Structure formats: structure tokens, C-alpha cells
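Q: Could you take me through the disulfides in this one, slowly? I'd like to see where they sit and what surrounds them.

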Amino acid sequence: RTAECVLKLSAKYFVEKKALSGSIVIININSYASATQVLLLKTIHSGMKYSIMVKDSFYPHANASHFPEKAKNYMLILEEKSELERNILQLNKLPTWNPLAKAIVFYELKDNESAEETSIQFINKLRHYKLFKSIIFIYSPEEDEVVSYTWSPYDDINCGGKCNSVYILDKCKDNVILELVTQKEMFPLDMKGCPLSVYAVISEPYVMPPIRKRIVADYNDSYEFDKGGEIKLVKIISQFTNMSLVIRMSETKENWGTIYGNGSATGAYEVLRNEKVDLIIGNIEVTRTIRKWFHPTVSYTQDEMIWCVPKAGRASTWNNLITIFQWSTWLATFVSLVIMGLVFHYFYYREQNRKVTKWPTNSLLMTFSMLLGWGSSFEPRSGTFRILIFVWLLFSVNMGISYESFLRTFLMHPRFEKQISTEADLIQSQIPLGGREIYRSYFETNNASSFYLYRKYSSTTFEEGIRRTALNRNFAVVSSRRQSMYQDQKLGRGESLIYCFPESNNLYKYGVVLLARKWFPMLERFNSIIRSVSENGLIDKWNEELLIRKSSVELTSSIAPLSVEHLLGAFMLIGLMYVISILTFIGELVYNFIEKKNVKNSF
């Protein structure tokens, strides 16, 4: 009858809102089992629809890597109280280990043992190994009944701390179950102000700098935050769950730290690894090592890792008047000018009966004057001469209009030098490059370009790298696109200083998550809230707000006002012409002086 009671109670509490038919039930039983244990095992095995695994913690367990599916339920049948910890230690080394599963402990009371005290003792031992969903079946030989005890880890006086009291769910006697109380939610919707401890790493715009330091009894590194996408997200989570949000922060900048393969860590990861906080926020990218030692939430947005380089500087303006056309156009125009000038001089020389100078200087100047849209005085008489002049006039009008149109564009819109926009350009420029140390391993491949980038990669903080890129203009940094865009508008104050490679040339995309401690019991609840926030468009709204200022800046700064700098080429050209004219004039004076002196000496 005891075995039948255990079977019915187990079936009652193993079943949740969703069917668990076929789920794994792991039963830990002593090899030297009593008759009661043997009967329990036979009854449970024949009556349950679950996949049952029987374990014996007395002997070392064989390699179980072939069965990685997580257990849904645990049943620990104890002969002695001391067996509980030994059983748990065996289970938590298996790949099926799952502290979020339900744990049922069956124990038969000995003489002078209290059922409530024994239940509290078992529950606290299970809690130590993060098994919160625990129910204790106590069999009393005196009463010949099985009583099920459980607890509330989160209520008005407890926030996941030690168990100090239990309550009775059911009593089973003569195979009849009497339900006294319906089991309460282990993790209720209303957490009644229990603390949610979050460790923030400043990562603008995900986590903006704090407003002020808070005075909190248990923490000396608590701060008040107001802005940032992830700050807003954890505030919404705390409001939905009615938890008291405590945000901690290290004085060290960008103190994510490092997580090693053996589980040891530094920085924020060390704080989370030691379970001193519940979450880490700050543009967290999940890696295999991180996933091994922590449990990330669902991804709430996507970002991409890219190269960011100094934006190409403005091209020199002194040659604006020349760079309008390509050199081939200028050469073709000059050749046409010379040819037409010589042709015009030939016709003009013949029509004037060879009474003018043979030098074509004047004809060339007249032809150039027509090209510039000025007046000329050829006075053609023959039809051929007139047609040639008309054709040259058409050509001159077309060139003048084209030149003027391009000149306006060149003067009003700034020109830039060649922009580094691909990895090939980056390598060819030989500019120093680097970023955070964790991104260095991405370039540790066999192809030539990645090998070059890996050798040249210089480890630095994100803030230092982005400042060198934007202000010193001598560095290329690996950065997330959203962070670099925000820093660009922050450092540039209206002017874009950084150019980030387009999406087609990015390194990779990744999902941004909040990072929870391993086996955090509220993780599934948090994931549901994050999905709701994302589906309602709040994440997209926060992301779009970051680009409002940047878009308005780009719109207003695309046209530059005309200044002397834009016309520097014209002033330089006219200055050069004046210098040549003055030198020519001086040369003529010197020549005339020498000629007069020679004439006097001849007399």
C-alpha cells in the first residue's frame, strides 16, 4: 500500500501543465535495498509512463555521454539520511543533470525523528544543489501513512533562502489520497520585492553611464542607471516580476573579464560565476565557453561585428578647377584648341592676303576666347571658315555648360579621398589595427588575409580603439555596429568621423543577450518577458531612437557652404598668371634696355 501511495503521489506531482509522457525519471536507490525499496521500484516501474533510469550512488557511474537529454524528474529513495548528498553528487556529474527538474525524496521515519524537521533538512540539502522544486514523501510506520511536504522558496519572508518551514500537501493511507493544500507556485508571478541583482558593464548605447551612486546596505558598488536599451529591459523585467532591481558596476572600465575553459574567470564573469549576481548586462555575445558555464537569455536583438576605420578625409580643394574633368578630357580639349586655332589662323591668313603676321598666337587666343564664351573678331569670309567657327562655337557652348555644372557640384559638395571599405583596402593601407582581445581568435585561420590581420592585431579596450580611430585617425578597430555608430555621433558632435564597413563586408552577426548565472530558476520567466517586449516593438523603438540624431546630422551636413577654400584653385591660378605676367613684363623691360644699350654702343 505504501508503494501504491508513492506511485499515485509521484504521478500527481510529476505531471505539469504540459504532458511529460516519455520524460526521464531518474530513481536513485541503494544496492542493498530493503524489501520496501524493492517493492517501490517494481510498483513505480510498472505504473509510470515515463522513461525510468535507476542509479546507485554506492558505485562509480559509467560514462554517460551517449545520453545528453536532461532529466525532467528525480526520485530519490533513501534508506538513511546520509544517502541524499551522495546520491545528488552522483547525479550532478551526469549529462542528464537538471536542477530545474522536480525532485521527490522518499524516506521512512526512524524512531524519535520528526517528519517536519526531516523534510526541512532534505529540502535545504536539495536547495544547496539548486534543486528548488522539491517534494518530500515521509512514511510514518506508526501512522502507516505517507505524507508529502514541500516549501515556498519565494514568499513574504523568503527570497530563495534557506527553508525554515514546510507545509503538508497530501496524506495517503490505505491507498486513498487526501489533499490538504494545493501546491503553491515555486516561482510566483509576484516575487514581492525580492532582489534582482544585475552587474552592468558600461557599453554604450546598450548600457549608458550611471546617474549617481546608490547607498545599499549589502553592496558598496550599487549605482542608479537611467538610460540604455538593456537598462530599460531589466527595469521592465523587474516591474513585470515585482522584483527589487539592484544594479552593480565595477569602477574598472569594460570589466567583462575573461572566462577560461576550466571555469575560472575574472571581472564581471567572476562575479556571476560565484553567483553574487543574477545577471550580467552590457552587449553580451555568447561563445561556447560562456554557454558552458552560464545560461544566456533568448536573444533580444541582433548586432554585427565589423571593421571601423577613420572616415576618408576631404580631398584638397586647390585643384577643384582641374579635377572636374579627367586628364584625358583636358588633353582632348587642349589638342582640339590647338588644331582649331591653327586651322582658323590658316583661313584668316589667306583671307587677309597674307598681310598679317605668320605667328598663330592671336588666332589661338581668339579660339581660346570662343571656348571660354568670350568675344572674338575673325571676320570670316568663306563658307568653310564660317562653318568651322559655328562648329567650334557649338563645341565651346557644350563644354562651357558641362564645366559650369560640374563646377557647381564640386564647389557645393565636399570631395573625399579614397575610403577604406574592404579588408583588402585595410591590408593595403597598412594602418595599425586591433580591438578587444576576445575578437583576436576570429582571425586565427589559415587564409592569408586573416593571418596578416591576426599578426597585426593589437589588443586594446573598445573605448581606446574607437577614440584612436575617430580622433587620432590612425587605427582600425573591431567593433559592434551599434556601438560604433553611437560613439561616432558622440565624438563627432554632428560630423561623422568613423566609417564602418557595409553589411556585405562585416565579420559576422550575433545575437545580443542578457547573461544569467547557471541554472537560474527565473530564466524561463525572463525569456517570456523578453519575447513579449520584442514582439511589441519596444526593442526596435529603442534602436531607432539612437539613429534619429545621426540621420538629421547627415541630412543637414551633406551640402557645405561656399568658402574661399573651395575657390583656392582659382585664386592660385590667377595669382600664377599675375606672376607670369609680371616676370614677362620685367623680361621685356630688360630686353628693351639691352637693345637700346647695344644701339648706343653701335654709334
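A: Here is a walk through the disulfides, followed by the nonpolar cores and the aromatic rings.

Keep in mind that this is a predicted model. The count comes to 3 disulfides. A disulfide, in general, is a covalent bond between the sulfur atoms of two cysteines.

Let's start with Cys5 and Cys172, whose sulfur atoms are 2.0 Å apart. Cys5 belongs to helix H1 (residues 2-14) and Cys172 to strand S7 (residues 167-173), so this link joins distant parts of the chain, 167 residues apart. The torsion about the S-S bond is -75°, a left-handed link. Both Cys5 and Cys172 are buried.

Next up is the disulfide from Cys159 to Cys194, with an S to S distance of 2.1 Å. You'll find both ends in loops: Cys159 is between strand S6 (145-150) and S7, while Cys194 is between strand S8 (176-179) and strand S9 (195-200), so the bond ties together parts that are 35 residues apart in sequence. This one is left-handed too, with -85° about the S-S bond. The two ends sit in unlike surroundings: Cys159 has a relative accessible area of 39%, so it counts as partly exposed, whereas Cys194 is buried at 1%. Cys163 is another cysteine to look at, and it is buried with a relative accessible area of 2%.

Then there's Cys308 with Cys500, again with 2.1 Å from S to S. Here the torsion is about 100°, so the disulfide is right-handed. Cys308 sits in strand S15 (residues 301-310) and Cys500 in strand S19 (residues 498-500), 192 residues apart. Cys308 is buried, at 0% relative accessibility. Cys500 comes out at 16%, and it still counts as buried because the limit is under 20%.

If you number the bonded cysteines along the chain, the pattern reads 1-3, 2-4, 5-6.

Now for the nonpolar cores. In soluble globular proteins, nonpolar side chains tend to be buried together. The largest nonpolar core in this model has 83 residues, and Leu196, Leu233, Trp307 and Leu426 have the most contacts inside it. Domain 1 (1-179) and domain 2 (189-313 + 416-550 + 561-578) both give residues to this core, so it lies between them. Take Leu233 as an example: among the residues it touches are Tyr300, Leu514, Ile530 and Trp542. There's also a second, separate core of 18 residues, including Leu321, Met340, Phe344 and Phe410.

Trp307 turns up again among the rings, in one aromatic cluster with Tyr442, Phe443, Tyr457, Tyr508 and Tyr510. Some rings have a charged partner instead. Arg436 lies over the face of Trp256, 3.8 Å from the ring centre, and the charged end of Arg440 sits over the ring of Tyr454, 4.7 Å from its centre.

Last, the aromatic pairs, which number 17. One of them is Tyr346 with Phe347, an edge-to-face pair at 5.7 Å centre to centre with 75° between the planes. Tyr346 is partly exposed at 45% relative accessibility, and Phe347 is buried at 18%. Phe347 also pairs with Phe385: the centres are 5.5 Å apart and the planes at 20°, so that pair is stacked. It links helix H9 (residues 327-351), home of Phe347, to helix H11 (residues 383-412), home of Phe385, 38 residues apart. Phe385 is buried, at 0%.

Note on methods: Residues are numbered from 1 along each chain as its sequence is written. This is a predicted model: local features need pLDDT of at least 70, side-chain atom pairs count only at pLDDT 80 or more; totals for chains, interfaces and linings use all residues. Side-chain values use heavy atoms; hydrogens and water are left out. Rings of Phe, Tyr and Trp (its six-membered ring) pair if their centres lie within 6.5 Å; planes under 30 degrees apart count as stacked, over 60 as edge-to-face and the rest as tilted. Buried means under 20% relative accessible area, exposed over 50%, partly exposed in between (1.4 Å probe, protein chains only). Helices (H or I, at least four residues) and strands (E, at least two) are DSSP runs, numbered from the N terminus. A charge sits over a ring if NZ of Lys or CZ of Arg is within 6 Å of the ring centre and within 35 degrees of the ring normal. A nonpolar core is a set of buried Ala, Val, Leu, Ile, Met, Phe, Trp, Tyr and Cys residues joined through side-chain atoms within 4.5 Å. Domain bounds come from an automatic or database domain assignment. Contact means heavy atoms within 4.5 Å. A disulfide is a pair of cysteine sulfur atoms within 2.5 Å. Lists of a residue's contacts leave out its neighbours within four places in sequence.
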